Every structure is written in C-alpha cells, then in structure tokens.
Amino acid sequence: MRMALLLLLAGCTPMAAMLDPPLAQLARWEAASAAAIAGEPVACPPGHAACARLHARRAEACMGLAMSSRAPGAACPATPQHLPCAIEAYATARALTPDPALAAGEAQARLCLAEWLAPADGLQEVARAAPAIAAAPPQRAPLLAARAALIAARPGAAPDAQRCAATRAGLGAAPPASREAHDLARRQASIPACGATP
C-alpha cells in the first residue's frame, strides 16, 4: 500500500490503480464531482484501510446531491432521489468506523426517506434509524429523535395509543421552542385522548 501511495503522490495513477485500486479511487475522487462519486460504486476489499473513507466520501456525495433539492428552511429534500445511496454508504462506513457524524448523516437520510414512504413503511424506516440517532452527536440527537417521533405519529403509522406515545417521547426530546416541538404538540392534540391543543 505504501508503494501505491508513493506512486499516487508521484502522479503515476495508472500504476497505482493496478497496485492499490481503493487508494487510486480515493485519489480520483479528490477532483471528482458529487454526481461522479455517487455514480461509482466503492471497490474495496475487506480490511483495506481506505474502505471507511471511500464509503464516507460517497455518503457525503449522495447526501449532498439529495439535499441540493431542499427548499429553504426544510429539513429534507424535495425528492427521495439519492437518499438510498446515502443510507447505504453511511451505514457501511459506520460499520467500518463508528463516528457520530456518520451516524447523524445516516439518521437524517433515513428519516428523510421515511417522509416519502407510506406511514407504516415510514415507521419501519424510523426503527432502522434508531441506532444511528442514538449514536449521533449529543447536540443533534434530540432534534433527530423529535423528527423520528413526528414520523412515527403520522396518521396511519400505528394505533392511536402508539402514536400518542411517540408524540410524548418526541416532546421530551425536542429542543424547546423548536418547530419540531410545535409540530409534535399539534400532532399530539390531533390524536384522541392524547393531549390538549397547544
């Protein structure tokens, strides 16, 4: 691997690509567009030191492309395109190197995808996001948990008692005076015998 790195630094990319394809891919991505990175699968043998960086870089590219369609002030993009790519890449990178920032990225990608799914399917995606939310940085986890609760409390996602419990848990996590706290209170008020109108 050291020889391949030296060849990359010396500008011998074709030779380095033969000796160490993952390092060559990583070097190639330094100047590549997000679309090019998202469109190129990671080719990395198990245990290679560059694997985690490659998957993390692809996750960032896919998430960046997804969020480029986001409206001002919106938490999620206007289309689910690129979200599955981001989820897969974040999850793979996290499996190789646990990192709170990667966890937050995976959680956000999963919650944004859940918004586009039918309520019951969205609830399943929220469940898949739960470990990533728990591993996210402390300053981001409460907001992610509140957003997860909003999705879990959507009409049709679950029985009313379960939806009510989701809003209560979400209100306990949501930052005070946040839009998520306000939306959770309104959703709670819409569930029979769950809460009063804010």
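**Exercise 1.** In this predicted model, find the helix that holds Gln188, and decide whether Gln188 counts as buried or exposed.

*Solution.* Begin with the position: Gln188 lies in helix α11, which covers residues 179–190. Next take the relative accessibility of Gln188, which is 12%; since buried means under 20%, Gln188 counts as buried. Finally, look at its surroundings: once neighbours within four places in sequence are set aside, Gln188 is in contact with Thr167, Arg168, Leu171, Cys194 and Gly195.

**Exercise 2.** Check whether the span of helix α6 agrees or disagrees with its number of residues, and state which elements are among those covering its buried residues.

*Solution.* Helix α6 runs over residues 83–96 and has 14 residues, so at 1.5 Å a residue it should span 20 Å. Its end C-alpha atoms are 20 Å apart, which agrees with that expectation. The buried residues of α6 are Leu83, Cys85, Ala86, Ile87, Ala89, Tyr90, Ala93 and Arg94, and the cover over them includes α4 (34–38), α5 (51–67), α7 (100–116) and α8 (119–135).

**Exercise 3.** Describe the largest nonpolar core and say which element gives the most to it.

*Solution.* This core has 18 residues, and those with the most contacts inside it are Cys62, Met63, Leu83, Ala86, Tyr90, Leu102 and Ala109. Two or more residues come from each of α5, α6 and α7, with α6 giving the most, seven residues. As one example, Met63 touches Leu83, Ala86, Tyr90, Gly105, Gln108 and Ala109, when residues up to four places away in sequence are not counted. A second, separate core has 13 residues, including Ala104, Ala107, Ala136 and Ala141.

How values were computed: Residues are numbered from 1 along each chain as its sequence is written. This is a predicted model: local features need pLDDT of at least 70, side-chain atom pairs count only at pLDDT 80 or more; totals for chains, interfaces and linings use all residues. Side-chain values use heavy atoms; hydrogens and water are left out. Helices (H or I, at least four residues) and strands (E, at least two) are DSSP runs, numbered from the N terminus. The expected span of a helix is 1.5 Å times one less than its number of residues. Buried means under 20% relative accessible area, exposed over 50%, partly exposed in between (1.4 Å probe, protein chains only). Contact means heavy atoms within 4.5 Å. A nonpolar core is a set of buried Ala, Val, Leu, Ile, Met, Phe, Trp, Tyr and Cys residues joined through side-chain atoms within 4.5 Å.
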